[in-house]
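Hi everyone, thanks for coming. Let's put the structure up on the screen and walk through a few parts of it together.

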Amino acid sequence: MSRLPGALAHLPFPVIGSPLFIISNPKLVVAQCVAGVVGSMPALNARPAEQLEEWLIEITEALAAHNAAHPDRPAAPFAINQIVHKSNDRLEHDMALCVKYKVPIIITSLGAREDINAAAHSYGGVVLHDIINNKHAHKAIEKGADGLIAVAAGAGGHAGVKSPFALIQEIRQWFDGPVALSGSIASGGAVLAAQAMGADFAYIGSAFIATDEARAADAYKQSIVDSNSDDIVYSNLFTGVHGNYLAPSIRAAGMDPDNLPVSDPSKMNFGGDKSKAWKDIWGCGQGIGAITKVQPAGELVAQLKREYAEARSRLALA
């Protein structure tokens, strides 16, 4: 059993909603948390930068009101994702606001920094760092992260190429802290499978894109419902970092998803005009075959819980 610090110790359901660039917003985060899973969003989704404080106030007040009205079923904590990369010129500003509002969980991506971890720890926050291999996992923990998000093959958006079996196995040989697994998880059975492999939590993104609260185009949501793993393309063209994308959106942009050029990694950027890549080219994971309709986030979580219980029952009867 892992050591689960602070905000992660008593989650009602072992799921963390992954931060969806452009798509996550306070409405989705609150719906996720009220339903019993960790809701999250990238700080960079708040544009201009001043909007982040407004959103943090909205989230904290909404969750406090829910908890006061429903002491018997308090909301899960929320998380803010910080892109720790030189192209993010808002990092210090955004992290200062996270400290001010005591964001329970900080998710760091694309770089690990001791000062960011220390800032979260100053008020009792928990830091999870996403990684795609065991080498990066070691570096993240050495620099003070509390836990890891293992981004395995098939995850939506920026993703690694390691099998989840290999990645979790290697991490658990030396690390007994919190681990979330990302990669093609879109059903309650897959949540249970992630735990069976050694993860504490499933990290789910693509399924939450196809929810009413998500700030995604209706065509994007419907494309997820209509597609499956055959429609996912792995490329680094759009941001400089390899990720998984929906082929129909690539075709709609006038490109051939089967013949995409390779990008120079120095192109990596998460601000300004280059963020348009994520608006027009739709990130998505390989697990979308399990997504059959657009529905409210609360109903999706309820579905995941039912499927999780059913999977546990099948194992008990086996």
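Which residues of α1 are buried? They are P26, L28, V29, V30, A31, Q32, C33 and A35. That is eight of the ten residues of α1, so this helix is largely enclosed by the rest of the structure. Please keep in mind that we are looking at a predicted model.

What covers those buried residues? The cover includes the strands β1 (15–17), β2 (39–42) and β3 (78–83), along with the helices α2, α8 (206–209) and α12 (297–317).

Let's take one of the buried residues, Q32, which lies in helix α1. Q32 has a relative accessible area of 1%, and buried means under 20%, so Q32 counts as buried. Leaving aside residues up to four places away in sequence, Q32 touches G17, V37, V38, G39, S40 and F208. You can also find P77 on the screen: 45 residues separate P77 from Q32 along the chain, and their C-alpha atoms are 9.5 Å apart.

Now look at the two ends of α1. At the N-terminal end, N25 acts as a cap, with a side-chain oxygen 2.9 Å from the backbone nitrogen of K27. At the other end, α1 is followed by G36, and the phi of G36 is positive, near 110 degrees.

Next, how α1 packs with a neighbour. Helix α1 covers residues 26–35 and helix α2 covers residues 51–69; their axes come within 10 Å and cross at roughly 25 degrees. Are the two helices roughly parallel or roughly antiparallel? Angles under 35 degrees count as roughly parallel, and α1 and α2 are therefore roughly parallel to each other. The crossing of α1 past α2 is right-handed.

Which residues meet there? From α1 we have P26, V29, V30, C33 and V34, and from α2 we have W55, E58, I59, A62, L63 and H66. Sorted by class, this contact has nine nonpolar residues, one polar and one charged. If you wonder about the spacing of those numbers, here is a handy rule. An α-helix has 3.6 residues a turn, so residues three or four places apart point the same way.

Let's move to a second pair of helices. Helix α7 spans residues 188–197, and its axis comes within 6 Å of the axis of α12, with a crossing of roughly 60 degrees. The pair α7 and α12 is therefore oblique. Here too the crossing is right-handed. On the α7 side the contact has G188, G189, V191, L192 and Q195, and these meet L304, E307, Y308, A311, R312 and L315 of α12. By class, six residues in this contact are nonpolar, three are polar and two are charged.

The buried residues of α7 are G188, A190, V191, L192 and A194. Their cover includes β1, β8 (179–182), β9 (201–204) and α12. Right after α7 comes G198, with a positive phi of about 120 degrees.

Now a stop in a strand. N244 is found in β11, residues 243–246. Is N244 buried or exposed? N244 is buried, with a relative accessible area of 2%. Its contacts, not counting residues up to four places away in sequence, include G154, A155, G156, G157 and A159. Also among them are I232, V233, Y234, W282, G283 and C284.

Finally, some backbone details in the loops. As background, most residues other than glycine have a negative phi, and most peptide bonds are trans.

With that in mind, find R47 and P48: they are joined by a cis peptide bond, with omega at about 5 degrees. P48 sits in the loop between β2 and α2.

Then there is K102, which is not a glycine yet has a positive phi of about 50 degrees. Look for K102 in the loop between α3 (91–100) and β4 (105–109). K102 is exposed, with a relative accessible area of 54%.

L110 is another residue other than glycine with a positive phi, near 55 degrees. L110 lies in the loop between β4 and α4 (114–121), and is partly exposed, with a relative accessible area of 28%.

That's my tour, and I'm happy to take questions.

Methods: Residues are numbered from 1 along each chain as its sequence is written. This is a predicted model: local features need pLDDT of at least 70, side-chain atom pairs count only at pLDDT 80 or more; totals for chains, interfaces and linings use all residues. Side-chain values use heavy atoms; hydrogens and water are left out. Axes are lines fitted to C-alpha atoms, for helices over the stretch in contact, and angles run from 0 to 180 degrees between N-to-C directions. Helices (H or I, at least four residues) and strands (E, at least two) are DSSP runs, numbered from the N terminus. Angles under 35 degrees count as roughly parallel, over 145 as roughly antiparallel, 65 to 115 as roughly perpendicular and the rest as oblique. A crossing is left-handed if the near helix is turned anticlockwise from the far one by less than a right angle, and right-handed if clockwise. Contact means heavy atoms within 4.5 Å. Ala, Val, Leu, Ile, Met, Phe, Trp, Tyr, Cys and Pro count as nonpolar, Asp, Glu, Lys and Arg as charged, and the others, Gly among them, as polar. Buried means under 20% relative accessible area, exposed over 50%, partly exposed in between (1.4 Å probe, protein chains only). A polar contact is a pair of N or O atoms within 3.5 Å; within protein, one must be able to donate a hydrogen and the other to accept it, and residues adjacent in sequence count only if both atoms are side-chain atoms.
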